[in-house]
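Please open the model in your viewer and keep the sequence panel visible, so that each selection below can be followed in turn.

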Amino acid sequence: MNPQARGARLRARRSLIVALLTSLPMTAVNGGTPSGCADISTIAPFTQFRFDQFQAIFDTLRDPKDPNSSCASCHPGASGSAGLGLGQGFSYDNLVGVPSFQVPSLLRVAPGSPLQSYLFLKLNCDTPPSGTQMPQGITPLSLIQQAFFFDWIRLGAPLS
């Protein structure tokens, strides 16, 4: 299959997944129904990842009102807010295959299943299954960054 056809197929699949996410109740799974989820279906699928790209997002995303604030400032080192440390060398092991503190029935990152991954729902939805959209109190990740997380999880959350 040519790359353009494959890309169109992946975009259509992602669009269907996003539509399902916003239309099906998830209360049986996690006690909360996400809403206000962003449509990332127009973003070309990502197929190659290096985990250090995600770490860079965690380390550099800043609150314009507090330039000293980043994801890793609320979730420092090995353990941070809600038991999630996003510090260099800890974030991957704290995310992939680990139950969420707030909704233990959901893994933070369920490899292959972005819509069952608490991290993606927290980044993508105005009202996630629990708490508030991340990063808290500042502009959400761009649609491209959200799609990057979606595709990374969809492809099994590879370390490299």
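## Start at helix H7

Select helix H7 and show its surroundings: nine of its twelve residues are buried, so the helix is largely enclosed by the rest of the structure. Buried here means under 20% relative accessible area, exposed means over 50%, and partly exposed lies in between, with a 1.4 Å probe and protein chains only. Helices are DSSP runs of H or I with at least four residues and strands are runs of E with at least two, both numbered from the N terminus. This is a predicted model, in which local features need pLDDT of at least 70 and side-chain atom pairs count only at pLDDT 80 or more, while totals for chains, interfaces and linings use all residues. Residues are numbered from 1 along each chain as its sequence is written, and side-chain values use heavy atoms, with hydrogens and water left out.

Helix H7 covers residues 143-154 and reaches 16 Å from its first C-alpha to its last, close to the 16 Å expected at 1.5 Å a residue; the expected span is 1.5 Å times one less than the number of residues. The buried residues to highlight in H7 are Gln-146, Ala-147, Phe-148, Phe-149, Phe-150, Asp-151, Trp-152, Ile-153 and Arg-154.

## The salt bridge within H7

Next, select Arg-154 and Asp-151, whose side chains meet in a salt bridge at 3.2 Å, N to O. The term requires a side-chain nitrogen of Lys or Arg within 4 Å of a carboxyl oxygen of Asp or Glu, and the structure holds one such salt bridge. Both partners lie in helix H7, three residues apart, about one turn of the helix. Arg-154 counts as buried because its relative accessibility is 19%, and Asp-151 is buried too, with a relative accessible area of 1%.

## Past the end of H7

Moving along the chain, stop at Gly-156, just after H7, where phi is positive at about 100°. Ala-157, in the segment after H7, also has a positive phi, of about 55°, although it is not a glycine. With a relative accessible area of 1%, Ala-157 is buried.

## The nonpolar cores

Which residues touch the most other members of the largest nonpolar core? Within this core of 24 residues they are Phe-54, Leu-95, Val-96, Val-109, Phe-149 and Trp-152. Helix H3 (51-60), H5, H6 and H7 each supply at least two residues of this core, and the largest share, six residues, comes from H7. A second, separate core of six residues includes Cys-37, Val-103, Leu-106 and Leu-121. A nonpolar core is a set of buried Ala, Val, Leu, Ile, Met, Phe, Trp, Tyr and Cys residues joined through side-chain atoms within 4.5 Å.

Centre the view on Val-109 and list its contacts, meaning heavy atoms within 4.5 Å. Leaving aside neighbours within four places in sequence, Val-109 is in contact with Leu-95, Val-96, Gly-97, Ser-117, Leu-119, Trp-152, Ile-153 and Ala-157.

## Three loop positions

Now select Ser-100, in the loop between helix H5 (91-95) and helix H6 (118-124). Ser-100 counts as buried because its relative accessibility is 3%. Its side chain reaches the backbone nitrogen of Val-103 at 3.0 Å, which fits the polar contact criterion of N or O atoms within 3.5 Å, where, within protein, one atom must be able to donate a hydrogen and the other to accept it, and residues adjacent in sequence count only if both atoms are side-chain atoms. Not counting residues up to four places away in sequence, Ser-100 touches Leu-106, Leu-107, Arg-108 and Tyr-118.

Leu-84 is the next selection, in the loop between helix H4 (71-74) and H5. Its relative accessible area is 12%, and Leu-84 is therefore buried. Beyond residues up to four places away in sequence, Leu-84 touches His-75, Ser-79, Asn-94, Leu-95 and Arg-108. The C-alpha atoms of Leu-84 and Phe-101 are separated by 8.2 Å, with their positions 17 residues apart along the chain.

Finally, go to Pro-135, in the loop between strand S2 (125-127) and H7, and inspect the peptide bond from Met-134 to Pro-135, which is cis with omega near -5°.

## Zooming out

With the whole protein in view, seven helices and two strands can be coloured, in the order α-α-β-α-α-α-α-β-α from the N terminus on. Of the 160 residues, 45% count as buried.
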